[in-house]
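Trainee: I am new to this structure, and I would like to learn why each descriptive word is used for it. Could we go through the terms one by one?

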Amino acid sequence: MDTIRNSECGIWNSELALLSLLQLASPALPVGAYSYSEGIETLVEWGAIADAQSLQHWLERELHFGAIRIEAAMTLRAYNAVLASNLTNLNYWNSWLSAARETEELRNSSWQMGRSLVRLLLELQPQLESIFNAVGHSVNYAIAFGVAAHCWQISQETAVLGYLHSWATNLVTAGIKLIPLGQTAGQQILINLQAHIVDAAARISVLTDDELSSCSWGLSLASMAHETQYTRLFRS
């Protein structure tokens with residue numbers, strides 16, 4: 001078992017942990033999340049998502065059954081791997097998530113955002129280099145998020161909430177641009193999703209390894225069709 005020195009992560013109080021979570025989940029985090037729609041661009045083109053109601057329905061179904069559940073579960077496993085000083089497990093779950101991605105486009109987006117977050121974290125805390133060196137070059141975003149959440153002493157529960165909320169915020173923003181919708185409609189969707197995010201986070205937190213599955217064929221089809229779409233604003 002490879003080990004992680006506790007000194008590689010800072011000492012934070014609860015107020016700083018909350019601020020760190022807000023920073024980590026912020027749309028302003030420079031990881032390029034704004035350039036991905038995770039299939040929504042294709043679905044709008046097809047007419048499957050055409051208004052605020054259909055966008056909200058898609059996001060609700062994804063929260064309860066889709067691939068985002070697996071990503072958030074990987075965030076928890078990365079968190080726990082760092083907590084247990086187990087770099088072998090951290091590397092394993094990163095490889096597992098890479099293999100589980102539905103399409104090349106979605107895997108590349110996860111790797112790109114992961115590289116951007118790792119680069120940012122290393123600039124802020126160079127002592128984390130040994131952790132990420134053990135994971136390898138292609139670090140998934142969910143894995144990097146979990147490492148950051150642990151090192152900034154964000155609780156596991158709030159880390160998952162932050163990850164899901166950040167995901168929802170990004171896709172609502174994509175929907176606002178693509179459908180298009182007004183900003184008020186977008187904020188109303190986020191309010192309506194709050195209970196679903198809380199429920200999804202609670203369910204994700206108790207998933208065993210054998211329960212890591214998703215029903216994401218709709219996302220897969222939308223992602224596969226995206227590369228041949230005539231006009232595109234987003235990279236996925």
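Trainee: Is the crossing of α3 and α9 left-handed or right-handed?

Mentor: Bear in mind first that this is a predicted model. The crossing of α3 and α9 is right-handed.

Trainee: What makes α3 roughly antiparallel to α9?

Mentor: The axes of helix α3, residues 52–65, and of α9 come within 11 Å and cross at roughly 155 degrees. Angles over 145 degrees count as roughly antiparallel, and that is why α3 is described as roughly antiparallel to α9. On the side of α3 the residues that meet the other helix are L55, L59, E62 and L63, and on the side of α9 they are L164, W167, L171, V172 and G175. By kind, the residues of this contact divide into seven nonpolar, one polar and one charged.

Trainee: Why are α4 and α5 called roughly antiparallel to each other?

Mentor: Helix α4, residues 68–83, and helix α5, residues 87–100, pack with their axes 9 Å apart and at an angle of about 165 degrees. Set against the limit, which is over 145 degrees, that angle makes α4 and α5 roughly antiparallel, and therefore the term applies. The crossing of α4 and α5 is left-handed. The residues that make the contact are I70, M74, R77, A78, A81 and V82 from α4, together with N89, L90, W93, W96 and L97 from α5. They divide into nine nonpolar, one polar and one charged.

Trainee: How do you know that R77 counts as buried?

Mentor: The relative accessibility of R77 is 11%, whereas buried means under 20%, so R77 counts as buried. R77 lies in helix α4, and, leaving aside neighbours within four places in sequence, R77 is in contact with W93, L207, T208, D209 and L212.

Trainee: What makes S110 a buried residue?

Mentor: The reasoning is of the kind used for R77: S110 has a relative accessible area of 8%, and the limit is under 20%, so S110 is buried. S110 lies in helix α6, residues 104–124, and touches V139, N140 and Y141, not counting residues up to four places away in sequence.

Trainee: Why is helix α8 described as largely enclosed by the rest of the structure?

Mentor: Helix α8 spans residues 141–151, and 11 of its 11 residues are buried, so the helix is largely enclosed by the rest of the structure. The buried residues include Y141, F145, H150 and C151. What covers the buried residues of α8 includes α1, α4, α5, α6, α7 and α9. Just after α8, Q153 takes a positive phi of about 55 degrees.

Trainee: Which other residues have a positive phi although they are not glycines?

Mentor: E38 has a positive phi of about 50 degrees, and S85 has one of about 55 degrees. E38 is found in the loop between α1 and α2, while S85 is in the loop between α4 and α5. E38, at 18% relative accessibility, counts as buried, and S85, at 15%, counts as buried as well, because buried means under 20%.

Trainee: Where is the cis peptide bond, and what is its omega?

Mentor: The cis peptide bond joins I179 and P180, with an omega of about -5 degrees. P180 lies in the loop between α9 and α10.

Trainee: How do you know that F234 is buried?

Mentor: F234 has a relative accessible area of 8%, and buried means under 20%, so F234 is buried. F234 is found in the segment after α11. Although F234 and I40 are 194 residues apart along the chain, their C-alpha atoms are separated by 9.4 Å. Among the residues that F234 touches, not counting residues up to four places away in sequence, are Y34, Y36, E41, A174, L178 and H226.

Trainee: Which residues have the most contacts inside the largest nonpolar core?

Mentor: That core has 76 residues, and those with the most contacts inside it are L24, I40, L59, L90, L117 and L164. Helix α9, residues 156–178, gives the most to this core, with 11 residues. I40 touches I49, L55, W58, L59, L171 and L178, again not counting residues up to four places away in sequence.

Methods
Residues numbered from 1 in each chain as written. Predicted model: local features only at pLDDT ≥ 70, side-chain atom pairs only at ≥ 80, totals over all residues. Heavy atoms only, no water. Core = buried A, V, L, I, M, F, W, Y, C linked by side-chain atoms within 4.5 Å. Buried < 20%, exposed > 50% of the residue type's maximum accessible area, 1.4 Å probe, protein only. Helix = DSSP H or I, 4+ residues; strand = E, 2+ residues; numbered from the N terminus. Contact = heavy atoms within 4.5 Å. Axes fitted to C-alpha atoms, helices over the stretch in contact; angles between N-to-C directions. Parallel < 35°, antiparallel > 145°, perpendicular 65-115°, else oblique. Left-handed = near helix turned anticlockwise from the far one by under 90°. Nonpolar A, V, L, I, M, F, W, Y, C, P; charged D, E, K, R; others polar.
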